[in-house]
2 protein chains.
Amino acid sequence: MNFNALTIRDIAKELNLSVSTVSKALRDSHEISENTKKIVNAYAEEHNFRPNPIAQSLKQGHSKSIGIVVSTIENQFFSQVINGIESVAYSAGFNVIITQTHESFDLEVKNVGHLMHRSIDGLLISLSTETKNIEHLQKPHRQGLPIVFFDRVSDEIETHKVIADNFKGGYDATHHLIESGYTRIAHITSPPNISITRERLAGYNRALEEAGISIPDYYIKHCSHGGRDENEIESALNELLSLEDKPEAIFTTSDRITTTTLYLLNKMKIKIPEEIALIGYTNTMLADVLNPSLSSVYQPGFEMGVKATEMLLNLILSKRPVTEFQTLVLPTQLFIRMSTARKN
Amino acid sequence: MNFNALTIRDIAKELNLSVSTVSKALRDSHEISENTKKIVNAYAEEHNFRPNPIAQSLKQGHSKSIGIVVSTIENQFFSQVINGIESVAYSAGFNVIITQTHESFDLEVKNVGHLMHRSIDGLLISLSTETKNIEHLQKPHRQGLPIVFFDRVSDEIETHKVIADNFKGGYDATHHLIESGYTRIAHITSPPNISITRERLAGYNRALEEAGISIPDYYIKHCSHGGRDENEIESALNELLSLEDKPEAIFTTSDRITTTTLYLLNKMKIKIPEEIALIGYTNTMLADVLNPSLSSVYQPGFEMGVKATEMLLNLILSKRPVTEFQTLVLPTQLFIRMSTARKN
DNA sequence: TTGTACGCGTTATCAG
DNA sequence: CTGATAACGCGTACAA
């Protein structure tokens, strides 16, 4: 539906000019007299004319818009990222198109395809948990689509990336539990194919290693659907809790897994931290406020969005091809409220 | 940036056909032979051709996309609504463009303007807390833009609307507190210009009235920024708590106000419900799980998105002008976990 | 300095 | 049944 029926043609007719004169005047071309420009701009202003972005896109082959792919905006981390993205994009005159994968590889492929058809000028993407190969990104990338990865990145494409310091997050969380006197520390986490899982796991392992603690393999639980499947986490918890060498503490990754774990422990009437200590990633800022027994690792979503977008605009706007790519690592923060978590 | 360089012109050239034949074959026109259709479709399939939606929009004057205006996707209620919207829109072949007002009237006006320039076929909107007049919607509406309001609606435009049963939500919450033995019940809520505030307030008043309880005016606190300003809520709380006839219970509306109140009470080391009982609206599903002393009123965001979109598609797709409009009222749910909240 | 003509990719109309 | 042509709104060589 096209409102704002006003087109440059209308203006031209009204002002007895040609469309190209109007177009040029509007675009402040040097080949138009100041006087004509004034008249045209005044008229445009008065009738608040704005060029039809669809026609512009078709003509110019680019759309002044950037595509976003995240798993789900219900995750507050990602909605914070999006706010960061928007704040930068808007002030640079770019629009954003948000798509969600809901952790499905198929949807990710579809979304990327759809965004490309929308003639986006660049892509900001955080991979789905299901994503194992990224051919759907490699082709557009080779064709020149600027891509910046954030949060969940891929090694297989050389471009700018923004990540959180997941190694340190995993390390700090585990280290904190160790310092509090726990040694049997389990880990419930997302599938190992996404980068954040591996990085956090590495931090967890390092902390244990440094403390001379060795844990059995079955202390590490990968949830294939990244916490979307409550049953999966429930089984993991049940398995852990019925072990002979039952863990004393759990380190969970991802907002979804953390909150679901919290929910389940609550349902099972298992006291935190008396019966089991818990430290987890969460951006649901409330979690650690509401349940002071939960400590948390927090990722700065807004800042990540800002940085990623700055990098992307850089790629889009740069005249000559970029050859130097950087991976920006943002600090994660550990919120320690687990005063009662010290083992005694 | 236009990838998928493949156009119908390319196909036509390759197949030695005319563009119009290809176009018609692709659109399964009856005036094309089955054989030609087969050939064209096979080729299109093989090279996974998809028509350029931008060109289609330009040509057809509509974009197969609907605009969404919400306050902020960080509010999980709205991200749930959006998921509901997407589920319906996508299966009908429509795309969605999400915009946020961050409770700013100016941004709302800007967003609506931007969406119209994007040639959206319809608009789903939940008003910002700042919005007092809706001229920016009346003009497009008069010009024929299908609009469906959800959650925060306006009386001044006659169209389909989907709301939650806010009166009952306010009534039930208050009634529950009364039944639990509380009489001095305060109310911290959003500005009175948005519909949900007034409806909830009416429910609150009715419940008190029915119980023969009269409360002083200063028990009702309107927070002008809808909870975005922590200080405002802090002052409200401080005022309430330092009253001689200090309230025994508080009923809060909106996710943001509820969680901020919870946060502040926690910070002030005020025990819930021993020192003050709390019942509040929240869609941060965690809140009532994590803090069993908080009861909550829950709004079904996903369903609201679904219903609103169905109504909108109805308007968009209906051939003759619609004259009968309906306001759908969805039930809100009250989650009572406040076992310890009974006053004794 | 201004105007004309064409093309972006698609669809609709009309002619063959 | 198929093909040429115009049009959507804009921008830009090129011509005047």
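Let's start with symmetry. Chain B superposes on chain A by a rotation of 180° with 0.2 Å of shift along the axis, at an RMSD of 0.3 Å. The fit is by least squares on the C-alpha atoms of residues with pLDDT of at least 70 in both copies. That is the relation of a two-fold axis.

A word on the source. This is a predicted model: local features need pLDDT of at least 70, side-chain atom pairs count only at pLDDT 80 or more, and totals for chains, interfaces and linings use all residues. Residues are numbered from 1 along each chain as its sequence is written, while chains are lettered from A and ligands numbered from 1 in the order in which they are written.

Now the chain contact. Chain B gives 41 residues and chain A gives 41 residues. Contact here means C-beta atoms, placed from the backbone, within 7 Å. On the chain B side, H4, H5 (76-91), E2 (95-100), H6 (105-117), H11 (255-267) and H12 (286-290) each supply at least two residues. Helices (H or I, at least four residues) and strands (E, at least two) are DSSP runs, numbered from the N terminus. By class, that side of chain B has 19 nonpolar, 18 polar and four charged residues. Nonpolar is Ala, Val, Leu, Ile, Met, Phe, Trp, Tyr, Cys and Pro; charged is Asp, Glu, Lys and Arg; the others, Gly among them, are polar. And 100% of the interface residues of chain B are also interface residues in chain A, so the copies meet through the same surface.

On to the DNA. Strand D is surrounded by 28 residues, and the closest are A:Thr7, A:Ser20, B:Ser18, B:Ser20 and B:Ser33. Near means a C-beta atom, placed from the backbone, within 6 Å of the strand. The strand D surface divides into ten nonpolar, twelve polar and six charged residues.

Strand C has 27 residues around it; A:Ser20, B:Thr7, B:Ser20, B:Asn52 and B:Ala55 come nearest. Which helix gives the most to this surface? H4(B), with five residues. The classes near strand C are ten nonpolar, twelve polar and five charged.

Last, a helix pair in chain B. H2 (19-26) and H3 (34-46) pack at about 85°, axes 9 Å apart. Axes are lines fitted to C-alpha atoms, for helices over the stretch in contact, and angles run from 0 to 180 degrees between N-to-C directions. That makes H2(B) roughly perpendicular to H3(B), a term covering 65 to 115 degrees. H2(B) brings B:Thr21, B:Val22, B:Ala25 and B:Leu26 to the contact. H3(B) brings B:Thr36, B:Lys37, B:Val40, B:Asn41 and B:Ala44.

Terms used. Angles under 35 degrees count as roughly parallel, over 145 as roughly antiparallel, 65 to 115 as roughly perpendicular and the rest as oblique. Two residues are in contact if their C-beta atoms, placed from the backbone, lie within 7 Å.
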